[in-house]
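Biologist: Got a minute to walk me through this one? I'd like to go through it piece by piece.

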Amino acid sequence: MSRQKILVTGGLGFIGSHTVAELQQAGYDVVILDDLSNSSLQVLDRIEKITAAKPMFYQINMLGKNRLKEMFSAESDIAAVIHFVAFKAVGESVKEPLKYFHNNLLSLIHLLECMEEYGIENIVFSSSATVYGDPVELPVTESTPFKKALSSYGSTKQMGEEILEKTSAAKNIKAIALRYFNPVGAHASSLIGELPLGIPNNLMPFITQTAAGLRGLLTVFGNDYDTPDGTCLRDYIHVVDLAKAHVKSCDRLLQAGMTEKYEVYNIGTGNAISVMEMIKAFEEHNQVKLNYKIGERRAGDATAVYADVKKAAQVLGWKAELGLQEMVTSAWNWQTNLMEMTTVL
Ligand code: WQD
């Protein structure tokens, strides 16, 4: 059978690049669309180093519909789209709601309009556990009710899912939304990983940059929560496991078949790890000492968020395989290799 072609929007980003590598190694051809606003063209070469196959690349901002249509005209045999393109800085989204609604929603709408026009029937959507807000139950299942999003970023994910559900019900489009919990780690090659521009919002890049001496001190945002060690619990998932969930989703859309036109899956490990447990694991497995202090709580943080992952295992045929040690060692190896690569360049 000829290799089926997958369009990956945002394919040079953190999760996108890992997904491209797994797609190619699973036998798919890949076309990447990225506007390079939060990624680097060097990632394309590094993907090629990993898979020995250089994906076709289009530098396009999805808000420009004409360029998008030109690409779809040139790439006529796309079997499915994986849509990562979005702004995702939670804090910034609170200060700049219109920037987030405009970019995240219009990019998705333009994509769906083009899919309808060019007869592309399958989409995997990058959603997030943030749609649950501070969840009303734990572990979180796919039926756990949404709470009002705490940020405009979270609103765009809730609205994005709504747009997909209604569009797939009315049009010849099948959709899978993957609700990511907390992606961490990096590819075993240390050639691709998280490239946060500016001060990291998330815990793991802040840990690795503090350990590397790029940041002076890591602040633990509160240790007075109602948890065993007082720090927040999260469901951290290795980015390579997360990438493989996208491959499984394409397999389901293109081969296995769907039971609904719109399906949703929690993509996590089902395990809750605290901030302090993450810090201790990082120090122990990497044999490094982290400079940290306990500070005030961060506004909007949920005490605990972790997934019920039965549906992805039973229906999607996917489950996380990499544990905490691989998460913290791969993140550290990437950080140290990134600094070597950057000084070399
Ligand atoms: C994790 C824990 C912090 C930094 C966010 C988005 C979510 C998804 C993943 C996009 C919390 C604590 C953090 C620090 C700390 N992104 N922390 N010191 O907030 O669970 O989820 O990123 O889809 O949508 O909401 O992740 O890594 O920011 O925080 O103590 O310097 O680490 O308080 O308990 P979060 P996070």
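Modeller: Sure. Let's begin with helix H7, where the buried residues are Leu203, Met204, Pro205, Phe206, Ile207, Thr208, Gln209 and Thr210. Keep in mind that this is a predicted model.

Biologist: So is H7 largely enclosed or largely open, and why?

Modeller: Largely enclosed by the rest of the structure, because eight of its nine residues are buried.

Biologist: And what follows H7?

Modeller: Gly213 comes after H7, and its phi is positive, near 85 degrees.

Biologist: OK, on to the ligand. Which residues come nearest to it?

Modeller: There are 19 residues around the ligand, and Tyr153, Leu203, Thr219, Arg234 and Asp301 come nearest. Leu203 is also on the list of buried residues in H7.

Biologist: Which elements give two or more residues to that shell?

Modeller: Helix H7, spanning 203-211, and strand E8, spanning 218-221. The largest share is from E8, with four residues.

Biologist: How does the shell split by class?

Modeller: Ten residues are nonpolar, six are polar and three are charged.

Biologist: What about the polar atoms? How far is Ser128 from the ligand?

Modeller: A polar atom in the Ser128 side chain sits 3.1 Å from a ligand oxygen. For Asn182, an N or O atom of the side chain is 3.0 Å from an oxygen atom of the ligand. With Asn201 the polar atom belongs to the backbone, and the distance to a ligand oxygen is 3.4 Å.

Biologist: How much of the ligand does the protein bury?

Modeller: 89% of the 690 Å² that the ligand exposes when taken alone.

Biologist: Changing topic: cavities. How many are there of 30 Å³ or more?

Modeller: One. The largest cavity has a volume of about 60 Å³.

Biologist: What lines it?

Modeller: The lining is made of His83, Val85, Ala86, Asn104, Leu105, Leu108, Phe125, Thr156, Lys157 and Gly160. By class that is five nonpolar, four polar and one charged. Helix H5, covering 97-118, and helix H6, covering 152-170, each supply at least two of those lining residues.

Biologist: Tell me about Asn104. Buried or exposed?

Modeller: Buried: its relative accessibility is 6%, and the cut-off for buried is under 20%. Asn104 is in helix H5. Its side chain makes a polar contact of 3.2 Å with the side chain of Thr156, and both residues are in the lining of the largest cavity.

Biologist: Any other side-chain contacts to look at?

Modeller: Try Ser330, in helix H11, residues 324-344. The Ser330 side chain reaches the backbone nitrogen of Ala186 at 3.1 Å. Ser330 counts as buried, at 10% relative accessibility.

Biologist: And Gln255, what does its side chain contact?

Modeller: The side chain of Gln4, through a polar contact of 3.0 Å. Gln255 belongs to helix H8, residues 239-256. With a relative accessible area of 45%, Gln255 is partly exposed.

Biologist: Now backbone oddities. What should I expect as a baseline?

Modeller: Most peptide bonds are trans, and most residues other than glycine have a negative phi.

Biologist: Then where is there a cis peptide bond?

Modeller: From Leu138 to Pro139, with omega near -10 degrees. Pro139 is in the loop that runs between strand E5, residues 122-128, and H6.

Biologist: H6 came up with the cavity, right. What about positive phi at Ala52, roughly what value?

Modeller: About 65 degrees, although Ala52 is not a glycine. You'll find Ala52 in the loop between helix H2, residues 42-51, and strand E3, residues 56-59. Ala52 is exposed, at 69% relative accessible area.

Biologist: And Gln287, where does that one lie?

Modeller: In the loop between helix H9, at 275-286, and strand E13, at 292-295. Gln287 isn't a glycine, yet its phi is positive, about 55 degrees.

Biologist: Is Gln287 buried or exposed, and why do you call it that?

Modeller: Exposed, because its relative accessibility is 67% and exposed means over 50%.

Biologist: Great, that gives me plenty to click through.

Terms used
Residues are numbered from 1 along each chain as its sequence is written. This is a predicted model: local features need pLDDT of at least 70, side-chain atom pairs count only at pLDDT 80 or more; totals for chains, interfaces and linings use all residues. Side-chain values use heavy atoms; hydrogens and water are left out. A residue is near a molecule or strand if one of its heavy atoms lies within 4 Å of it. A polar contact is a pair of N or O atoms within 3.5 Å; within protein, one must be able to donate a hydrogen and the other to accept it, and residues adjacent in sequence count only if both atoms are side-chain atoms. Accessible areas come from the Shrake-Rupley method with a 1.4 Å probe; for residues, only the protein chains shown count as cover. Ala, Val, Leu, Ile, Met, Phe, Trp, Tyr, Cys and Pro count as nonpolar, Asp, Glu, Lys and Arg as charged, and the others, Gly among them, as polar. Buried means under 20% relative accessible area, exposed over 50%, partly exposed in between (1.4 Å probe, protein chains only). On a 1 Å grid over the protein atoms alone, a cavity is a set of points where a 1.4 Å probe fits but cannot get out, and a pocket is an open set with protein on both sides within 12 Å along at least five of seven lines; lining residues have an atom within 4 Å of a point. Grid points are joined across faces, edges and corners, and a volume is the space filled by probe spheres set on the points.
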